[in-house]
Amino acid sequence: MLEFKSTLRWNLKTDKPGKEIELAWLKTVVAYLNTKGGKIFIGVSDDGEVLGLDTDNFKNNDKLLLHVNNLIKQHIGLGFSRYITVELHTLDERNILVITCEASQEPVFLKQNKEEHFYIRTGPASTRLSMSEMLKYVAQRQVT
């Protein structure tokens, strides 16, 4: 499964950083971990155009990678980092971020404020499940 995100944190509509942009790709990471894995290409538009990461305004690549790791730690948890690989690549002379997710053996939640949300991948979308749907999904997944 593949997902493209134009930016890591910059809202192109409001032209400023937006937490909702970060939560969008974090939600995809959680959904991939809870399903069959996948890759997220950040700095690439939905139609596959390489945009790069300059819009996100990080001072350098180390600051960008540290920011990504801090968000994963805060919203997903370090225990799941073994299923997540974060790499910078250069395409068309522009940096993009590739986040590769493997399927987790245990349920993964997106922590947001004081709440936890459970997502799975359904086709091209990350779908949030209710508590009862999540319990049923996890139980069925352990059987197969």
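This is a dialogue about how to read a few local features in a predicted model.

Biologist: Let me begin with helix H2, which I can find at residues 61-75; how many residues does H2 have, and what distance does it reach from its first C-alpha to its last?

Modeller: Helix H2 has 15 residues and spans 21 Å between its first and last C-alpha, which is close to the 21 Å expected at 1.5 Å a residue.

Biologist: Which residues of H2 are buried, and on which side of the helix do they lie?

Modeller: The general idea is that an α-helix has 3.6 residues a turn, so residues three or four places apart point the same way. In this structure the buried residues of H2 are Leu64, Val68, Leu71, Ile72 and His75. They cover an arc of only 100° around the axis, and therefore they sit on the same side of H2. On the other side of the helix, Asp62 and Leu66 are exposed.

Biologist: What covers the buried residues of H2?

Modeller: The cover includes helix H1 (19-34) together with three strands, namely S5 (84-91), S6 (94-101) and S7 (110-112).

Biologist: And what should I look for at the two ends of H2?

Modeller: At the start of H2, a side-chain oxygen of Asn60 comes to within 3.1 Å of the backbone nitrogen of Asp62. After the helix comes Gly77, with a positive phi near 115°.

Biologist: Which residues other than glycine have a positive phi, and where do they lie?

Modeller: Asp15 is one of them, with phi near 55°, and it belongs to the loop between strand S2 (10-11) and strand S3 (16-17). Asp92 is another, with phi near 50°, and it is found in the loop between S5 and S6. Asp15 counts as exposed at 55% relative accessibility, and Asp92 counts as exposed at 63%.

Biologist: Turning to aromatic rings, how many pairs does a search of the whole structure find, and which residues form a cluster?

Modeller: The search finds three aromatic pairs. In one of them, Phe109 and Phe118 lie 5.5 Å apart, centre to centre, with 55° between the planes, so the pair is classed as tilted, since edge-to-face would need an angle over 60 degrees. Ring pairs link Phe109, Phe118 and Tyr137 into a cluster. Phe118 counts as buried at 3% relative accessibility, whereas Phe109, at 22%, is partly exposed. A ring may also be approached by a charge, and here the charged end of Arg9 sits over the ring of Phe58, 3.8 Å from its centre.

Biologist: Is Thr28, which lies in helix H1, buried or exposed, and what does its polar side chain approach?

Modeller: Thr28 is buried, with a relative accessible area of 2%. A polar atom of the Thr28 side chain lies 3.1 Å from the backbone oxygen of Ala24. Leaving aside neighbours within four places in sequence, Thr28 is in contact with Glu3, Lys5, Ile40, Arg121 and Ser126.

Biologist: How far apart in sequence and in space are Cys101 and Gly37, and which residues does Cys101 touch?

Modeller: Cys101 and Gly37 are separated by 64 residues in sequence, while in space their C-alpha atoms are 4.9 Å apart. Cys101 lies in strand S6 and counts as buried at 5% relative accessibility, because buried means under 20%. Not counting residues up to four places away in sequence, Cys101 touches Val29, Tyr32, Leu33, Gly37, Gly38 and Tyr83.

Key. Residues numbered from 1 in each chain as written. Predicted model: local features only at pLDDT ≥ 70, side-chain atom pairs only at ≥ 80, totals over all residues. Heavy atoms only, no water. Helix = DSSP H or I, 4+ residues; strand = E, 2+ residues; numbered from the N terminus. Expected span 1.5 Å × (residues − 1). Buried < 20%, exposed > 50% of the residue type's maximum accessible area, 1.4 Å probe, protein only. Arc of directions from axis to C-beta. Contact = heavy atoms within 4.5 Å. Polar contact = N/O pair within 3.5 Å; in protein donor to acceptor, adjacent residues only side chain to side chain. Phe/Tyr/Trp six-rings, centres within 6.5 Å; stacked < 30°, edge-to-face > 60°. Lys NZ or Arg CZ within 6 Å of the ring centre and 35° of its normal.
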